[in-house]
Amino acid sequence: MSAAGPGPLAAFLGVWFGMSAAMMLPSAAPAISLFALVRGDRERSATIPTAVFVAGYLLAWTAVGLSAYVAARALGSASPLDAMWGRRLEAGAFAAAGLYELTPLKSACLRHCRSPLGFLVRRRRTTALRLGVEHGTACIGCCVGLMLVLVALGAMNLVWMALVAGLIVLQKVLPYGDRVSVPLGIAFLVVAVGLLA
């Protein structure tokens, strides 16, 4: 994205889709494997439902990308922000992300992402596309605070992308990752205060 805005929609969505796939699919791998197991995708010809599930998952993230594009266009068309307002926006992003990490909604979405088996078994008669979109939506609810921080740090910076992707995998996949939300939320709030100091 340039200072003038996010550029053409197709280019933006191409980058967003690639970023979403690279950052989110590693943490979604357990749910994708469980989906294939629940649906019985043992034969090569039966892998189509799993591919449709993944497509639904990425479709949910693409919808977030469209929202980000609209917001970026609005910010790009506004008058240039001075450094003070830029820091306030960054502080606001960290504060919002920090507070969100402490909410019951974050906890509920994280529980879903860490243990999707019950969801997949209960909804096994639902279409693969819809299940993918629903799981993607829960994943968005789990990761929205971290993505907000990524935008504040520079959404296209590969180092920050890798760091945020690592935090996402830590929270969603690794043992005791669900215990990271509270310290992470507090750390984000401290950064927000530091940016305003």
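**Exercise 1.** Which residues of α8 are buried?

The model is predicted, with local features needing pLDDT of at least 70 and side-chain atom pairs pLDDT 80 or more, while totals for chains, interfaces and linings use all residues. Residues are numbered from 1 along each chain as its sequence is written, and side-chain values use heavy atoms, without hydrogens and water.

*Solution.*
1. Apply the cut-offs: buried is under 20% relative accessible area, exposed over 50%, partly exposed in between (1.4 Å probe, protein chains only).
2. In α8, Ser-181, Leu-184, Gly-185, Phe-188, Ala-192 and Leu-195 are buried.
3. They lie on the same side of α8 because their arc around the axis is only 100°; the arc is that of the directions from the helix axis to the C-beta atoms.
4. Val-190 and Val-193, on the other side of α8, are exposed.

**Exercise 2.** Describe the surroundings of Lys-106.

*Solution.*
1. Lys-106 sits in helix α4 (residues 104-114); helices are DSSP runs of H or I, at least four residues, numbered from the N terminus.
2. Lys-106 counts as buried because its relative accessibility is 0%.
3. Leaving out residues up to four places away in sequence, Lys-106 touches Tyr-100, Glu-101, Gly-141, Cys-142, Gln-171 and Ser-181; contact means heavy atoms within 4.5 Å.
4. A polar atom of the Lys-106 side chain lies 2.6 Å from the backbone oxygen of Cys-142.

**Exercise 3.** Where is the kink in α6 centred?

*Solution.*
1. The bend at a residue is the angle between axes fitted to the seven residues ending there and the seven starting there.
2. The kink is centred on Cys-143 and is about 55°.
3. After α6 comes Gly-154, with a positive phi near 125°.

Conventions. Helices (H or I, at least four residues) and strands (E, at least two) are DSSP runs, numbered from the N terminus. A polar contact is a pair of N or O atoms within 3.5 Å; within protein, one must be able to donate a hydrogen and the other to accept it, and residues adjacent in sequence count only if both atoms are side-chain atoms.
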